[in-house]
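Work through the exercises below with the sequence and the model side by side. Each task is followed by a solution in steps.

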Amino acid sequence: MAAPDRDAVTLEAGLDALELAHARRPPWWRRQLVPLTARLVAVGAVILAWQLAVALHVMKPAYLLPSPGEVFAVLVDQAQAGHLQEAIFNSLRRGAVGYAFALVFGTVFGILVSRVRLLRIGVGSLLSGLQSLPSVAWVPIGIIWFGLSDATIYFVVVMGAFPSIANGILAALDNIQPLLIRVGRSMGARGVGLYRHVIIPAAMPGYVAGLKQAWSFSWRSLMAAELIAHSQALGLGLGQMLDNGRALSDLALVLLAIFAILVVGVAIDELIFSPLETGIRRRRGLVEGA
């Protein structure tokens, strides 16, 4: 058999193998079961180690390390009183509103910096500096300007999140291959059409990565603001619940607030940003379709 024929046979066999591998993929529920089981095992291991540390009296006196059962009892009490639901709702509401403002402001500002050379020279490095600035530094300014109100918390969240969004879109636009833009222009794409069909799709992975990072910054900024700027008029938030536990020396309440902050942050990532990233990779052929 000639070499070209052998190459064709090898290629055909390889394609058949790929088709068989795709056909033998397990159903979606089984693919979801494996990571879910791994996460449950990890959580169970942490709780087991925690309970073991309590049983061995690693921390003395004993109230310095409440048991998982004690924290669960506080969770039930807070849920029955409606405090836990109120805190989660208020924190999510504030986080969503502040993040929405940061999304608009950061995206527009990032595009302007990427397009205007003088603006990039003037404030390009300042964005990185703002991103590294602790969010708690904005809380005193927000209180002085807006008082103990939701506006203070929104201000802190925006200032904590928008630099990441602006830097994300800036880096995404900078990393677009010039060849893609030249090809788009050669095919007649100009103005809005060039952005819609070439620049935005090419920049989307980096932009989404910036959005994901910005959410983590905004969530941390929100907790910093709620820890300091809280009052009865603002209502209960997770940060305020954390500070209430500190004021009462109730470590079980402190741990409950920490776990709630962690769970909400992970849930937002799993329900919004991870599917968004997976969808982008799937459209680019980097992961298999469902």
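**Exercise 1. Describe the range of the contacts and the overall make-up of the chain.**

Step 1. Take the contacts, meaning heavy atoms within 4.5 Å, between residues at least 6 apart in sequence: 70% of them join residues at least 24 apart.

Step 2. Note the basis of the values: this is a predicted model, in which local features need pLDDT of at least 70, side-chain atom pairs count only at pLDDT 80 or more, and totals for chains, interfaces and linings use all residues. Residues are numbered from 1 along each chain as its sequence is written, and side-chain values use heavy atoms, with hydrogens and water left out.

Step 3. Assign the secondary structure from DSSP runs, numbered from the N terminus, with helices as H or I of at least four residues and strands as E of at least two. The chain comes to 11 helices and 0 strands.

Step 4. Sort residues by relative accessible area: buried is under 20%, exposed over 50%, and partly exposed in between, with a 1.4 Å probe and protein chains only. Of the 290 residues, 36% count as buried.

**Exercise 2. Characterise the largest pocket and the helix that gives the most to its lining.**

Step 1. Fix the terms. On a 1 Å grid over the protein atoms alone, a pocket is an open set of points with protein on both sides within 12 Å along at least five of seven lines, and lining residues have an atom within 4 Å of a point. Grid points are joined across faces, edges and corners, and the volume is the space filled by probe spheres set on the points.

Step 2. The largest pocket has a volume of about 720 Å³. It is lined by 23 residues, of which Val43, Ile47, Phe259, Leu262 and Val263 are the closest to its centre. Two or more lining residues come from each of α2 (28-55), α3 (68-81), α4 (83-115) and α11 (251-283).

Step 3. Classify the lining, counting Ala, Val, Leu, Ile, Met, Phe, Trp, Tyr, Cys and Pro as nonpolar, Asp, Glu, Lys and Arg as charged, and the others, Gly among them, as polar. The result is 21 nonpolar, no polar and 2 charged residues.

Step 4. Turn to α11, which gives the most to the lining, with 9 residues. The expected span of a helix is 1.5 Å times one less than its number of residues; α11, with 33 residues, reaches 47 Å between its first and last C-alpha, close to the expected 48 Å. A bend, the angle between axes fitted to the seven residues ending at a residue and the seven starting there, of about 35 degrees occurs in α11 at Glu270.

Step 5. Place Leu256, a residue of α11. Leu256 counts as buried because its relative accessibility is 3%. Leaving out residues up to four places away in sequence, Leu256 touches Val71, Val74, Leu75 and Gln78. Leu256 and Leu84 are 172 residues apart in sequence, with C-alpha atoms 9.3 Å apart.

**Exercise 3. Compare span, bend and burial in α5 and α7.**

Step 1. Helix α5 (residues 117-132) has 16 residues and reaches 23 Å, close to the 22 Å expected. A bend of about 45 degrees falls at Val123. The buried residues of α5 include Val123, Gly124 and Leu127.

Step 2. In α7 the 25 residues should span 36 Å, and the end C-alpha atoms are 36 Å apart, so the two values agree. Helix α7 bends by about 30 degrees at Ala161, and Pro163 follows within four residues. Of the 25 residues of α7, 21 are buried.

Step 3. One residue of α7 is Ser164, which is buried at 1% relative accessibility. Not counting residues up to four places away, Ser164 touches Gln131, Gly210, Gln213, Ala214 and Phe217.

**Exercise 4. Where do Ser149, Gln240 and Ser249 lie, and how accessible are they?**

Step 1. Ser149 sits in the loop between α6 (139-146) and α7 (150-174). With a relative accessible area of 22%, Ser149 is partly exposed. Its C-alpha is 7.7 Å from that of Ala233, 84 residues away along the chain.

Step 2. Gln240 belongs to helix α10 (residues 238-247) and is buried, at 12%. Beyond its neighbours within four places in sequence, Gln240 is in contact with Glu226, His230, Ser231 and Gly235.

Step 3. Ser249 is in the loop between α10 and α11 and counts as exposed, at 64% relative accessibility. Ser249 is not a glycine, yet has a positive phi of about 55 degrees. Most residues other than glycine have a negative phi.

Key:
On a 1 Å grid over the protein atoms alone, a cavity is a set of points where a 1.4 Å probe fits but cannot get out, and a pocket is an open set with protein on both sides within 12 Å along at least five of seven lines; lining residues have an atom within 4 Å of a point.
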